[in-house]
Structures are given as C-alpha cells and as structure tokens.
Amino acid sequence: MKVTFWGVRGSIPAPGPETNRYGGNTSCVSVEAAGGLIIIDMGTGLMHLGNALLGGDFGKGKGRAGILLSHTHWDHIQGLGFFAPVFIGGNQFTVWGPGDSPKTLEDILEGQMDPNFSPLQTLRNFSATFDVKAATDTFEVMGVKVSSKEHPHGATTALAFRLEENGKSFVYASDVGYVSGMDGLESLFAGADVLLHDTTYRPADQETRRDRGFSSYEQACDAAIAARVKRLVTFHYDQDYTDDDVDSIVAACEARLAPHGIAVTPAREGEELTVA
Amino acid sequence: LIYDTQFTPEEYKVRPHWGHSRPDDAISIAREAKVKQLCLFHHAPMRSDDDNDRILELARASAGTLPVVSAYEGLEIQL
C-alpha cells in the first residue's frame, strides 16, 4: 500500500509562510492498494488529490475509489464540493462513514450542499455515482480488508480504520479524544506496520483544550508503544502551530519512540509513504 | 472598489453561471463608476502567486490611469 498525504492540518485550513513545509490543508490521505484507490477523509486536501487524479482514469470518467470517512466535522468534509472527479460522469465513489444507517450519513453530506452553504445545492448535482454506506466492524473496500472502531472525540465520536493487504497493515486514527485508557482501540492498532495518529497538541497546550477531543503527541506515542506498532505517522497538527512547532513535536516523538524501536514519519502535504 | 476577479475571461466563458467575475469587467465597472482605486480579490483556489502577478500586470496594462492592486493576505489600504 502506498499512502500519500494531501492534507495534514487539524480543524481549519492554515495556509501561510509559517506552514508551508508541512502544509495548511485539512485531513485527507490516499491509499493506493493493489485493488485500487482508497481515500480517507475529505478535508481541503481532497481538492489537490482530485486535481492530481484528473490525469488518469478519473479524468476520463473511468475512475473508481472507496472513501472512508472518520466523522463529519468540517475539516474532514470541506474538500468534497471541490473534488473535481465527482463532476465527471462515469466515475464511481462509495463512501463508508459513521452513522446507524446510510441515510443518516447521506443526510449530513446533503446538508453540506444546502444552497446556504454551497453553490452545489445538492449531492445529486454530482455527475459521478456517489454511494453512501454506514461503516460496520469489518468490510471490504477495493479488495482491502477494512476494520473500523468508534472512539470518543470531544462531545461526539469518530471512526478509526485499519486497512490490511498482503499481510501489511495501515491504521488511520485521527481526532482521538481518549477518555478512559485506550477506549478499546488496542486491538485495532495492535502490531500495525504503520499507525497514523493525530498528534494535535503539545501536552501543555492540551491541558487548556482538554474537551476538544484530540490527542497530544505523548498520547499518540503511548498508544504506539502499547500497541507495539512499527511506525508512527504524526498528523492533524493544531492550526496555530508553525512548521518549527511541528518540527519540535516530531523530534519529541522520535526521542520518545526510539528506545522502543518505533520509527516516526511526519505527515507532510504531498509526501508519500510505502507501507512495508 | 474591492471586486471579485476569480476568473480570467477564458475561464468565465465556460462558467458564466458560477456567480463570479473577471478583471476586464471589474475595470469597466470601476471606470464607469469613477472609482479611484480597484482591488482584485477572491482569487481562484488553484491560482499560484505567479499567476496572480500576471493577472495583475495584464489588468494594470489595460486599466490606464486607474490604479489597480491585487489583494494579498496582510495587505492594508489606507483611505
């Protein structure tokens, strides 16, 4: 599986000279598997992924992809209306996300297109097919086995996903607001080749923002150690952090995880990581 | 006058129903309204800084004596 980072910022886009190195777009990651393309979250990074896809099958209306959606806060859905491949007939997308029924999730995404918020007016203005499904504990997407687990995220919850193909595993766990221990995420994370986990805050900054439902880099490291993963990807940096701030978070993770033999890869816009 | 100039004239031709404008229209309207300074604004999301520089150059070339600036984050205009 090849993972590409299109948006790595938390909560709100944070463009500007101080965030150029890591990037200012919000959560969006793509996974190229043997069976096809899987997109995780639809933050503003999705626009750039969509433009990059136009050079291939998606530009000809012959593209197919699965989309995994952790939750529907703005920074995880804002790119949808600017995702060029949905305006090309013939492309096919299936979204798996939170909610007791597909209708619950579809109604939320439809609300995003309401004329008061978007010129698109309705999801039905997409030319591509756009099917919405409720994620279950395990399901298959583009030939990849996906497991999902709900976890606390402030006043709501979000989904973490584990993708497995050819004996390799990639876990996406952003916006994790631990309440009690690891809140049942141990088995989802266990032994993962790559664990992408939000490292939204420095511990001191988290103290004053406890109820927002994000992890500090220390909590992400502790989860990586407890679950004996091989590599941690830092992700979903707070919008107030400059590139230099993120550098210090990455260095702190490296120092904390090196004794445990766990590698660290910082998520940066446009960079790729092969899960091997 | 701060005016939406999201599209180039070529882009506008295929997206007239999107509800955004173009620099040449902004210049004609500013002239007609006897505006003293025009500010290009609401740049298209995929426009690079270099693209915006070129659009500003073209606008200035056709605006004659009308002063034109292009809005950027942090810009201040004293009235």
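**Entry 1: the seven-stranded sheet of chain A**

I began at Ala173(A) and looked for its bridge partner in β11(A), which turned out to be His197(A). I note at the outset that the model is a predicted one, and I read every value below as computed from it. I then looked up the strands around this bridge: β10(A), covering residues 168–173, and β11(A), covering residues 194–198, pair in the parallel sense, and I count four bridges between them.

Helix α5(A), residues 217–226, packs on the sheet, where I find it touching β11(A) and β12(A), the latter spanning 231–235. The direction of α5(A) makes about 155° with that of β11(A). Helix α6(A), residues 243–257, also packs on the sheet, but there the strands touched are β12(A) and β13(A), and the direction of the helix makes about 165° with that of β13(A).

Which order do the strands of this sheet follow? I traced an open sheet of seven strands running β7-β8-β9-β10-β11-β12-β13 in chain A, with mixed pairing. At its edges I find β7(A), residues 138–141, and β13(A), residues 263–266, each of which pairs on one side only. Neighbouring strands are turned by 25° against each other on average, with direction ignored.

**Entry 2: Gly36 of chain A**

I next placed Gly36(A), which I find in strand β3(A), a strand of residues 36–40. Leaving aside residues up to four places away in sequence, I noted that Gly36(A) touches Val31(A) and Met142(A). I also checked its separation from Thr94(A), which lies 58 residues away along the chain, and the C-alpha atoms of the two are separated by 13 Å.

**Entry 3: the three-stranded sheet of chain B**

Turning to chain B, I found an open sheet of three strands in the order β1-β2-β3, with parallel pairing. The edge strands are β1(B), residues 2–4, and β3(B), residues 68–70, and each pairs on one side only. From one strand to the next the twist averages 30°.

β1(B) pairs with β2(B), residues 38–41, in the parallel sense over three bridges, and when I looked for the residue opposite Asp4(B) I found Phe41(B) in β2(B). Across β2(B) and β3(B) lies helix α3(B), residues 49–63, which runs at about 170° to β3(B).

**Entry 4: two helices of chain B**

How do α2(B) and α3(B) pack, and at what angle? Helix α2(B), residues 23–32, packs with α3(B) at about 35°, their axes being 10 Å apart, and I record the crossing as right-handed. On the α2(B) side I listed Pro23(B), Ile27(B) and Arg31(B), which meet Ile55(B), Ala59(B), Ser62(B) and Ala63(B) of α3(B). By class, the residues of this contact divide into five nonpolar, one polar and one charged.

**Entry 5: the search for cavities**

Finally I looked for enclosed space. Rolling a probe the size of a water molecule over the atoms shows where empty space is left. The search covered the whole structure and gave one cavity of 30 Å³ or more; the largest cavity holds about 30 Å³ of space.

Which residues line the largest cavity? I listed Thr5(B), Gln6(B), Leu40(B), His43(B), Ala44(B), Arg47(B), Asn52(B) and Ile55(B), a lining that I sort into three nonpolar, four polar and one charged residues. Ile55(B) appears in this lining and again in the contact of α3(B) with α2(B), and Leu40(B), also in the lining, falls within the residue range 38–41 of β2(B).

Key. Residues numbered from 1 in each chain as written. Chains lettered and ligands numbered in written order. Predicted model: local features only at pLDDT ≥ 70, side-chain atom pairs only at ≥ 80, totals over all residues. Heavy atoms only, no water. Pairing = 2+ DSSP bridges. Axes fitted to C-alpha atoms, helices over the stretch in contact; angles between N-to-C directions. Contact = heavy atoms within 4.5 Å. 1 Å grid on protein atoms, 1.4 Å probe; cavity = no way out; pocket = protein on both sides within 12 Å on 5 of 7 lines; lining within 4 Å. Points joined across faces, edges and corners; volume = space filled by probe spheres on them. Nonpolar A, V, L, I, M, F, W, Y, C, P; charged D, E, K, R; others polar. Left-handed = near helix turned anticlockwise from the far one by under 90°.
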